[in-house]
Amino acid sequence: MWHSLETYRRLIAVRVRSQIQYRVSTLLDIAGMAIVTGVEFGALAMVFQRFESIAGWTLGEVAFLYSLVTTAFGTMDLIFGGFDPDTFGPMVQRGTLDQLLLRPVNVTLQVFGSAFLLRRFAKIAQGVIIFCIALSMTSVHWTPAKVAYLPVVFVSQVAFFGGLFIIGATSTFWTVQRVEAINIFTYGGTELISYPMHIYAKWMRRFFTYVVPMILLNYYPALYFLDKPDPLGGPACAPFLAPIAGFGMLAAALGFWRFGLKHYASTGT
Amino acid sequence: MHLFYELIKTSFHQQLTYRTANMAGLATNFFFGLLRAAILIALYGTAREVAGLSLRDAVTYTGLTQAVIAFLSFFGWWEVMRSVYSGDISSDLLKPMRYYTFWLAKDLGRALACFLVRGVTIMLAYALVFDITLPTSVWHWLAVGAALVLSTMISFSWRFLVNLSAFWTPDAMGVGRFAFILSWFLSGFLMPLRFFPDWFVRLCHLTPFPATVNTVVEVYLGVLTGPEMVQALGLQLLWFLILLAACQLTLRAGVRKLVIQGG
């Protein structure tokens, strides 16, 4: 265990060192990403003055939803970046994954250590800033239970989206091409749960409740944190199911990953 | 001219061969469109019209913005940058064609394919799911066509210009990403420009970005009519010419500086 951590630390250190070689580019990259997370929310905030609310939710309450998932997704992207189907797909295509398999180090650990993009910190920072703004715009009645549950929700979201990345990466063992449909769940999913779920059509809500339970990750926990009534009439325990959805997804994804590795047959390049 | 036409044709067919990628992109764009439509519908609530846009216009707007993503390469375009780094540019510069024109032809072919496969299709899908606004006359459709062509030319010139930064820095991806992200906000892609406060809209109009997405949207929805519309199209032409000049000047300076590594 200790040895694995040390290996991981070294792999990450290499990634960091290579990125700070092009200092201006890295800084601009970080500034750019900081703006992108900023502009999406900034655009909503700037037009909000023309509207009263978004289906009964104030700007601050939407900011709460938005910033929580933004921070979690940014953190996930930092840790699970190696599994990003956009970067993992080419590894399978070019056969560079075969190199990793030949090394006497656990391959999962190597993939974890194969990407650590400093520019993800921009997204995380933006998420945290908007979260602070959200807290100042809403008056959350904090209780010890809520304070304890917030990090759990956060980690569950990281686990859930990390699981999606791993599933997308594993799929490329068979498809070789990257599977772009996964983007609907990763990038589309974060966008989806950045807004109160009751604004969506019934079929969409059902899909994201029963098939891919994203509704449990952000919306229900937010109802609990913000003390808002549930217009969808879900069970009273719904706000507390985030860890089950998040870690269930991650466990299933890791199982699929192990299965995929066992059946990986290389492209022969 | 013949070469120009052949390049367009080749790159058109090339883009069409990426069938799965086109389908996946289409599905993603449509899904995001549904989300954005839901958000605007929720924002409107009981309001009938906001800043001159009816709810139907606002929903149509989300379709239009999703439809232009592919053919304006809105999320990034790195081809010239790649050819500078790989050295391919050395053989391209020897071609009996201006470097800008060469890439313009290639991009027009790609854009045309994307327009048909990922632009028109999204609007058709939208027409099935939503009640959308449609241009009312032949003249109106022609104006939309003109706005689309001009926005493609502006967008190409802007992307080309951004890519030229590769002459000066060994890793221009950061510059590029920054430039593309900037264009989302200022072009009226994230929210209709009309919804923003006046001071901000004025700021946007100092840049070429509203001439890409926003003009297409406003001409299509019929928000701009008569002289206002002609003015908007004229402004598009002006921005194109400015960017074209900027591209040529930057390219000349860049080529003078270019060192091809190896051989």
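User: Let's start with charges. Which residue forms a salt bridge with B:D107, and how far apart are the closest N and O atoms?

Analyst: The general idea: side chains of opposite charge can pair when their charged atoms come close. Bear in mind that this is a predicted model. Here B:D107 pairs with B:R159, with the closest N and O atoms 2.9 Å apart. B:D107 sits in helix α6 of chain B and B:R159 in helix α7 of chain B, so the salt bridge ties together parts that are 52 residues apart in sequence.

User: Are those two buried or exposed?

Analyst: Under 20% relative accessible area is the cut-off for buried. B:D107 comes out at 2%, so it counts as buried. B:R159 is at 1% and counts as buried too.

User: How many salt bridges are there over all chains?

Analyst: The rule gives 11. Have a look at helix α1 of chain A, residues 2-19, for a couple of them. A:E6 meets A:R9 there at 3.3 Å, N to O, and A:E6 also meets A:R10, at 3.1 Å. Because they share partners, A:E6, A:R9 and A:R10 join into one network.

User: Why would residues with those numbers end up facing each other?

Analyst: An α-helix has 3.6 residues a turn, so residues three or four places apart point the same way. In this case A:E6 and A:R9 are three residues apart, about one turn of the helix. A:E6 and A:R10 are four apart in α1 of chain A, which is also about one helical turn.

User: And how exposed is each member of that network?

Analyst: A:E6 is partly exposed at 26% relative accessibility. A:R9 is partly exposed as well, at 49%, while A:R10 counts as exposed at 53%.

User: Now the interface. How much area do chain B and chain A bury between them?

Analyst: The size of an interface is often given as the accessible area lost when the parts come together. For chain B and chain A that is about 3,200 Å², with 78% of it on carbon and sulfur atoms. The contact takes 35 residues from chain B and 39 residues from chain A.

User: How many salt bridges and polar contacts cross the interface of chain B and chain A?

Analyst: Zero salt bridges by the rule. For polar contacts, the count is three residue pairs, both residues at pLDDT 80 or more. On the chain B side, α2 (19-44), α8 (173-186) and α9 (198-204) each supply at least two residues that touch chain A. The largest share, 15 residues, comes from α2(B). By class, that side of chain B has 28 nonpolar, three polar and four charged residues.

User: How do I read a helix such as α11 of chain B, and what length does it reach?

Analyst: Compare its span with what you'd expect at 1.5 Å a residue. Helix α11 of chain B, residues 226-257, has 32 residues and reaches 47 Å from its first C-alpha to its last, close to the expected 46 Å. Next, check which residues are buried: among them are B:M229, B:L233, B:W239, B:F240 and B:L251. The buried residues of α11(B) pack against α6 (99-129), α7 (138-163) and α10 (213-221) of chain B.

User: What about α9 of chain A; how many of its residues are buried?

Analyst: Nine of 11, so this helix (residues 182-192) is largely enclosed by the rest of the structure. The buried ones include A:I182, A:N183, A:E191 and A:L192.

User: Can we do a loop residue? Where is B:T207, and what does it touch?

Analyst: B:T207 is in the loop between α9 and α10 of chain B. At 17% relative accessibility, B:T207 counts as buried. Its side chain reaches the backbone oxygen of B:C204 at 2.6 Å. Leaving aside neighbours within four places in sequence, B:T207 is in contact with B:L186 and B:W239.

User: Last one: which residues other than glycine have a positive phi?

Analyst: Two to look at are A:D227, with phi near 55 degrees, and B:A51, at about 50 degrees. A:D227 lies in the loop between α11 (219-225) and α12 (242-263) of chain A, and is exposed at 52%. B:A51 lies in the loop between β1 (49-50) and β2 (53-54) of chain B, and is partly exposed at 27%.

Technical notes:
Residues are numbered from 1 along each chain as its sequence is written. Chains are lettered from A and ligands numbered from 1 in the order in which they are written. This is a predicted model: local features need pLDDT of at least 70, side-chain atom pairs count only at pLDDT 80 or more; totals for chains, interfaces and linings use all residues. Side-chain values use heavy atoms; hydrogens and water are left out. Contact means heavy atoms within 4.5 Å. Buried area is the accessible area (1.4 Å probe) that two parts lose on being put together, summed over both. A salt bridge is a side-chain nitrogen of Lys or Arg within 4 Å of a carboxyl oxygen of Asp or Glu. A polar contact is a pair of N or O atoms within 3.5 Å; within protein, one must be able to donate a hydrogen and the other to accept it, and residues adjacent in sequence count only if both atoms are side-chain atoms. Ala, Val, Leu, Ile, Met, Phe, Trp, Tyr, Cys and Pro count as nonpolar, Asp, Glu, Lys and Arg as charged, and the others, Gly among them, as polar. The expected span of a helix is 1.5 Å times one less than its number of residues. Buried means under 20% relative accessible area, exposed over 50%, partly exposed in between (1.4 Å probe, protein chains only).
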